[in-house]
Amino acid sequence: MQSLVIVAHGSHLNPDSSTPTYDHADTIRASGAFDEVRTGFWKEEPHVREVLRTVEGDEVYVVPLFISEGYFTEQVIPRELRLAGWDVAEWESDGLSADQATLVAEDVGREVHYCGPVGTHEAMTDVIVRRAESVTGDPDVGEGFGLAVVGHGTERNENSAKAIEYHADRIRESGRFDEVKPLYMDEEPEVDDLADHFESNDVVLVPLFIADGYHTQEDIPEDVGLCEDHADGYDVPADVNGTNVWYAGAVGTEPLLADVVLERAADAGADVGSALETVRETTRVATGD
């Protein structure tokens, strides 16, 4: 019996924080790739510490719904899952290459395939591009457009910026958009000056966050100049100093992210059958392409 556990941060303050996790779990559940699909959270119930007790499968794959490698993926989740002998060196990661480690969860006495976060997987690049397609309503968007891939950024964790730069580089190398820039909230180059970083008249802004919350619904719209007060709303696109800014909202709300979760599990040895093709097709319909 093959089981998938998706673990995410969650929030006591934002009731919508867990919505993308549940949505992606439902998409994967409907694909039939796993006998069971469970969700666990750090700040909500069911808690990461308890979720393995609800799992019946003898092949368990755990995929963190996080953007970057760091404190949560390297310390909190392995500790809460009680993964015996966990050592971050198991991944031999450079901050982007965490793949999977197979360990025994002491609490339930079963083997667990613990995967790297979705945000550093190469398939996330496609989700960012799909997000641009969704917000513009154009499946061929690219020519004449700039693309801003926006992250939080922090000097406390150098890996925070690595995922942003990795995907920005991959999209730039594809040549699809006229310009592609990584921007940040808390380090240079800052998203506040978005229009100054682009020559294109149209720029799609995609925040690399799992869920819409304070940063994506309040901070970024106000800092970029989409509006003076987020409560008043804003246009899409919005004119910011002569630049049309197409604000896409959190990348984690894009239905195609379910594909990245499947990719992570498949890389760890899960037999997902034709689920990858199924999910790509069903999420394409979901975005109205």
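Which side chains meet in a salt bridge at 2.7 Å, N to O? I looked this up and found Arg 131 and Glu 254, taking a salt bridge to be a side-chain nitrogen of Lys or Arg within 4 Å of a carboxyl oxygen of Asp or Glu.

I note that this is a predicted model, in which local features need pLDDT of at least 70 and side-chain atom pairs count only at pLDDT 80 or more, while totals for chains, interfaces and linings use all residues. Residues are numbered from 1 along each chain as its sequence is written, and side-chain values use heavy atoms, with hydrogens and water left out.

**Salt bridges**

I searched the whole structure and found 13 salt bridges. The pair Arg 131 and Glu 254 links distant parts of the chain, 123 residues apart, with Arg 131 in helix H4 (residues 124–136) and Glu 254 in the loop between strand E10 (243–247) and helix H7 (257–267); helices (H or I, at least four residues) and strands (E, at least two) are DSSP runs, numbered from the N terminus. I checked accessibility next and found both Arg 131 and Glu 254 buried, where buried means under 20% relative accessible area, exposed over 50%, and partly exposed in between (1.4 Å probe, protein chains only).

I then turned to Arg 176 and Glu 133, whose side chains meet in a salt bridge at 3.0 Å, N to O. This pair too links distant parts of the chain, since Arg 176 lies in the loop between helix H5 (159–174) and strand E7 (179–184) and Glu 133 in helix H4, 43 residues apart. I recorded Arg 176 as partly exposed because its relative accessibility is 28%, and Glu 133 as buried because its value is 7%.

A further entry is the salt bridge between Asp 259 and Arg 280, at 3.2 Å, N to O, which links helix H7 to helix H8 (residues 275–286) across 21 residues. Asp 259 counts as buried at 5% relative accessibility, whereas Arg 280 is partly exposed at 33%.

**A network and an unusual phi**

I also found Glu 50, Arg 53, Arg 82 and Asp 107 linked in a network of salt bridges. Arg 82 has a positive phi of about 60 degrees although it is not a glycine, and its place is in the loop between helix H3 (71–80) and strand E4 (100–105). Its relative accessible area is 17%, so I entered Arg 82 as buried.

What is the phi of Asn 241? I read a positive value of about 55 degrees, although Asn 241 is not a glycine, and I placed this residue in the loop between E9 and E10. With a relative accessible area of 72%, Asn 241 is exposed. I looked at phi and omega because most residues other than glycine have a negative phi, and most peptide bonds are trans.

**Cis peptide bonds**

I found the peptide bond from Glu 188 to Pro 189 to be cis, with omega near -10 degrees, and Pro 189 in the loop between E7 and strand E8 (202–207). A cis peptide bond also joins Val 236 and Pro 237, with omega about 5 degrees; Pro 237 is in the loop between H6 and E9.

**One more loop residue**

Is Asp 232 buried or exposed? I entered Asp 232 as exposed because its relative accessibility is 65%, and its place is in the loop between helix H6 (214–224) and strand E9 (238–240).
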